[in-house]
Amino acid sequence: MFGFRRKNSGRELVEGLHARVVEASRRPELYVEAGLPDTMEGRFEALTLHALLVLRRLRQLPPPADDVAQELVDAVFAHLEIALREMGIGDFGVPKRMKKLAQAFFDRTAKYDALIASGDAGGLAAEMAGRLGAEPARLRPFADLVLASEARLAVADLDAILAGPPFASASPAAAAEASR
């Protein structure tokens, strides 16, 4: 952790954390077993919720967790900008799209944060369903997974989060392995 105070080491740690958040949001089990649609919108929801879970925990930890949280948000948006450019969005279109993505991200995190804090899996599934044009029952397994991940992160310290946030698994085999 002492290395975080050095700018380059801290950046590397946050980039690694960001990579693990993105990797967790792309796990096939989220789309196959937990009900998320495998679309751009579904993937955005997964990324937003995984980032939010980490950000929620970082807000509860002592410094330098607040710096890590801000750098994680910066990394998420830098990644989204790269993705837009790779999709062929030109220099003039990127700022407008980034503004819309930021608005969508922060709108979702505000609404999802309250639902996660209250432990309302049904409300979380309904909120996601409204955004994704899906039935809440289809997204309930993912909402349950989000709350299970919240519980696992609640006991993680900063070092554990930087090493790899302990997100819950939707895969029955992976869940059984994790419980051993």
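These legends describe views of a predicted model.

**View 1. The whole protein, an assembly of nine helices and zero strands.** From the N terminus on, the elements run α-α-α-α-α-α-α-α-α. The protein has 180 residues, of which 47% count as buried. It exposes about 9,400 Å², and carbon and sulfur atoms supply 55% of that area. Taking contacts between residues at least 6 apart in sequence, 64% join residues at least 24 apart.

**View 2. The packing of helix 3 against helix 7.** Helix 3 covers residues 40-60 and helix 7 covers residues 136-153. Their axes lie 10 Å apart, at an angle of about 25°. Angles under 35 degrees count as roughly parallel, and helix 3 and helix 7 are therefore roughly parallel to each other. Their crossing is right-handed.

**View 3. Residues at the contact of helix 3 with helix 7.** Helix 3 contributes Ala 46, Leu 49, His 50, Leu 53, Val 54, Arg 56 and Arg 57. On the side of helix 7, the residues met are Phe 142, Val 146, Ser 149, Glu 150 and Leu 153. By class, this contact has seven nonpolar, two polar and three charged residues.

**View 4. The surroundings of Gly 42 in helix 3.** Gly 42 counts as buried because its relative accessibility is 0%, and the cut-off for buried is under 20%. Leaving aside neighbours within four places in sequence, Gly 42 is in contact with Tyr 31, Leu 36, Pro 37 and Leu 132. Met 128 is 86 residues from Gly 42 in sequence, while the C-alpha to C-alpha distance between Gly 42 and Met 128 is 9.1 Å.

Terms used:
Residues numbered from 1 in each chain as written. Predicted model: local features only at pLDDT ≥ 70, side-chain atom pairs only at ≥ 80, totals over all residues. Heavy atoms only, no water. Axes fitted to C-alpha atoms, helices over the stretch in contact; angles between N-to-C directions. Helix = DSSP H or I, 4+ residues; strand = E, 2+ residues; numbered from the N terminus. Parallel < 35°, antiparallel > 145°, perpendicular 65-115°, else oblique. Left-handed = near helix turned anticlockwise from the far one by under 90°. Contact = heavy atoms within 4.5 Å. Nonpolar A, V, L, I, M, F, W, Y, C, P; charged D, E, K, R; others polar. Buried < 20%, exposed > 50% of the residue type's maximum accessible area, 1.4 Å probe, protein only. Areas by Shrake-Rupley, 256 points an atom, 1.4 Å probe, with all protein chains shown as cover.
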